[in-house]
Each structure stands twice: as C-alpha cells, then as structure tokens.
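Biologist: I am new to this structure and would like a close look at one part of it, namely the cysteines and what surrounds them. Please take me through it in one connected answer.

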Amino acid sequence: MSHPIIFDTDPGVDDAQAIAIALRHPEIELLGLTTTYGNVDIETATHNALLLSELAGRDIPVAQGSAGPLVKPRHPAPAHIHGANGLGNIELPEVKGKKDPRSAAQFIVDTVNARPGEVTLVAVGPVGNLAAALQLDPALTGKVRRVVIMGGSIREGGNVTPVAEANMFNDPHAAQRVLTAGWPLTLVGLDVTHRCVLSQAHMQRIEAGQGELGRVLAGSYAFYRDFYREFLGIDGCCPHDSCALAWLLRPELFTTAPGHLAVVTDGLAEGQTLFAPEGRGFIQERWSQTPLAEVCLEVDGEAVVEWIADTLS
Ligand code: RIB
Ligand code: CA
C-alpha cells in the first residue's frame with residue numbers, strides 16, 4: 001500500500017534520518033516537506049530540508065512554516081544536541097533549490113484538499129503548522145487520512161522537563177489544539193521512542209547505503225551520539241522521528257491504546273500530555289471529553305531499529 005504523506009519537521013539529526021526514510025521508502029509517496037523551528041531556527045530548518053532532498057536526488061516541495069510558538073516565547077535551539085546547523089556542525093554542501101512560495105499551513109491545506117481522504121500528515125517537531133492549517137481550514141479534520149505525531153509521553157516522563165517531551169513543550173498551545181482537534185490521530189511518544197536505540201553498527205550500514213546523503217546522516221549522528229553518551233549514558237541514539245514512520249509502515253511492531261488526550265499549556269507542567277484511557281472513569285469527566293485518539297505504549301524496539309537500518313541500507 002502506498003502512503004501519500006506530508007512530513008512536517010524541524011531538521012535536526014533524527015529528523016534528517018526520518019526525512020531520508022520518507023524520501024527512500026518505496027511505500028511512501030512524499031508530497032512535501034513542511035518546516036518548523038524547534039531543533040533549529042526556521043531558516044535553518046528549511047535549508048536542511050531542501051539539502052536533504054537534493055542529496056537524495058529528489059525535487060520535493062519544501063514549504064516554510066512557524067518561526068516560533070503560538071503564545072509563549074521561543075526557547076533557544078538546542079545546539080548542544082543537534083549542532084548549530086542542526087546537522088552536527090558538519091560541513092554541508094550548498095543548496096541549489098528554492099522553497100515553495102506558500103506557507104507550510106497553506107501547503108498542507110492545498111495538498112490535502114487536492115486529495116481528500118488520502119493524505120497522512122506526519123509531524124515530528126512543534127506542531128504550530130498543523131494548528132495554523134486547522135485555522136485556515138477547520139474542515140481539514142475530516143479530509144486527512146490520518147495524523148501521526150512524534151511527541152508527548154504517556155507513562156515515560158519527559159525529556160526536557162520532568163513531565164514534558166520537547167515537541168509538546170516547545171508549543172503547548174498549538175499541541176493542545178492539534179491533539180484535541182478530532183481528526184484520526186496517533187501519538188508516537190517517548191514511551192516507544194526511548195525503547196529504540198540505534199547503534200553505531202546500524203549507522204555504518206546506513207552510511208554505506210546512502211552515498212553523500214549517508215555521509216551527512218552519519219556525520220550528524222556522531223555529534224548526536226556524543227550527547228546521548230554524555231547526558232543519558234547510552235551508547236547509541238533514539239531515532240525519535242523515524243519511529244513515527246515506523247508506526248505508519250509497520251504498525252504491528254507497536255502496542256497502542258485508544259483514549260482522550262490533552263496538553264497542559266501553562267505552569268510547571270506545561271507541555272505534559274495527559275491521557276485518559278477510553279472507558280476509564282475518573283473523579284470527574286473533564287479528562288475524558290476530548291475526541292478519541294490513539295497512543296503508542298509499547299514497541300519491539302530492536303525490530304524498529306532493524307527496519308530503519310534495512311530501509312536505508
Ligand atoms: O523529543 C524528541 C523530539 O524532539 C524529536 O522530534 C527531536 O527531533 C526533537 O525535536
Ligand atoms: Ca524533530
């Protein structure tokens with residue numbers, strides 16, 4: 001089965017690998033890349049999206065989106081994790097292509113409306129572009145095939161605060177709108193991405209299989225790996241964003257549950273994702289009033305990292 005997707009991204013080392021999968025996988029029809037600030041500023045995100053697509057020999061529309069959160073001030077980009085250029089500070093070739101003249105939100109609206117019921121939105125950064133697209137066309141909720149979001153955490157705790165995952169924390173107001181919009185939605189969060197650890201051996205296979213693109217993926221991975229070693233004591237990296245595509249293509253590797261999502265927008269817990277399992281009673285009903293969504297709770301992590309390496313080898 002072919003999956004027409006729009007990939008919304010803040011590249012970013014793990015984003016870059018996921019973009020490579022989106023560009024290479026024979027069952028993915030990549031309709032466009034939409035960019036957001038997050039791991040890098042918006043201009044850098046767009047530059048990297050254009051570059052990665054060129055390195056893969058593809059001419060994919062790249063539409064630039066949100067430069068900052070809807071409400072709160074923007075946090076500085078995490079250059080210690082992804083490098084100041086988002087790709088591990090390695091030297092990069094020049095970009096030749098130009099971005100699409102439309103905003104990311106307009107691109108999403110136009111593309112989904114051109115193929116109602118067919119397009120899946122895969123978002124792996126702060127979700128302001130999806131919130132903006134909903135504002136332009138609220139009926140989008142009934143026209144997408146599915147929305148897959150790498151973000152949030154159900155039982156795992158956070159990675160940038162004790163309770164918040166980075167993509168949710170970076171724009172909690174947008175996340176609250178997007179996660180409660182009532183479209184068919186799957187959340188691929190830290191509960192599963194932290195169970196997937198991509199080793200140096202996996203990366204060597206990817207480098208060998210991807211030519212110049214492989215050099216960039218492996219070079220940036222080396223920088224990202226230093227962060228994991230120093231801060232988390234892991235020898236290897238969690239390929240967060242590739243996991244969203246792994247769920248789309250290989251859902252049988254994941255255990256999911258239906259329920260109601262909400263995102264805390266303010267205070268000490270800002271960015272926390274709240275999940276009320278379907279049918280579970282609580283002291284009041286207010287946690288169970290948002291539309292049903294699906295969250296990933298468990299995964300066969302070894303199979304996912306093998307799938308990533310096989311796809312890019
Ligand atoms: O928490 C992981 C997410 O934050 C990933 O999307 C990664 O690229 C960073 O943006
Ligand atoms: Ca990302």
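Modeller: Cysteine 196 is a good place to begin, and in this predicted model that residue is buried, with a relative accessible area of 0%. Its closest cysteine sulfur belongs to cysteine 243 and lies 3.8 Å away, which is too far for a bond, because a disulfide is counted here when the two sulfur atoms are within 2.5 Å. Cysteine 243 is accordingly in no disulfide, its nearest cysteine sulfur being that of cysteine 196, and cysteine 243 also counts as buried, at 0% relative accessibility. When the whole structure is searched in this way, the number of disulfides found is zero.

Two other cysteines, Cys237 and Cys238, appear in the lining of the largest cavity, whose volume is about 70 Å³. The count of cavities of 30 Å³ or more comes to one. Besides those cysteines, the lining includes Val13, Asp14 and Gln17, together with Leu217, Ser220, Tyr221 and Tyr224. Helices α1 (13–24) and α10 (211–232) each supply at least two of the lining residues, and α10 gives the most, with four. Sorted by class, the lining is made up of nine nonpolar, two polar and one charged residues.

Helix α1 also leads to the calcium ion (ligand 2), since aspartate 15 lies in that helix and is among the protein donors of the ion. The donors are Asp10, Asp15 through two OD entries, Val124 through its O atom, and Asp241, and they lie 2.3 to 2.7 Å from the calcium ion. Along the chain, these donors follow the spacing D-x4-D-x108-V-x116-D. Valine 124 sits in the loop between β5 (120–123) and α5 (128–136), so that the pair of aspartate 15 and valine 124 ties together parts that are 109 residues apart in sequence. Both aspartate 15 and valine 124 are buried.

Two features of the backbone complete the picture. The peptide bond from proline 11 to glycine 12 is cis, with omega near 0 degrees, and glycine 12 belongs to the loop between β1 (3–9) and α1. Asparagine 89, a residue other than glycine, has a positive phi, near 60 degrees; this asparagine 89 is found in the loop between α3 (79–82) and β4 (100–103), where asparagine 89 is partly exposed, with a relative accessible area of 44%.

Definitions and conventions. Residues are numbered from 1 along each chain as its sequence is written. Chains are lettered from A and ligands numbered from 1 in the order in which they are written. This is a predicted model: local features need pLDDT of at least 70, side-chain atom pairs count only at pLDDT 80 or more; totals for chains, interfaces and linings use all residues. Side-chain values use heavy atoms; hydrogens and water are left out. On a 1 Å grid over the protein atoms alone, a cavity is a set of points where a 1.4 Å probe fits but cannot get out, and a pocket is an open set with protein on both sides within 12 Å along at least five of seven lines; lining residues have an atom within 4 Å of a point. Grid points are joined across faces, edges and corners, and a volume is the space filled by probe spheres set on the points. Ala, Val, Leu, Ile, Met, Phe, Trp, Tyr, Cys and Pro count as nonpolar, Asp, Glu, Lys and Arg as charged, and the others, Gly among them, as polar. Donors are N, O and S atoms within 2.8 Å of the metal (3.2 Å for Na, K and Ca); water is not among the atoms, so sites may look incomplete. Buried means under 20% relative accessible area, exposed over 50%, partly exposed in between (1.4 Å probe, protein chains only).
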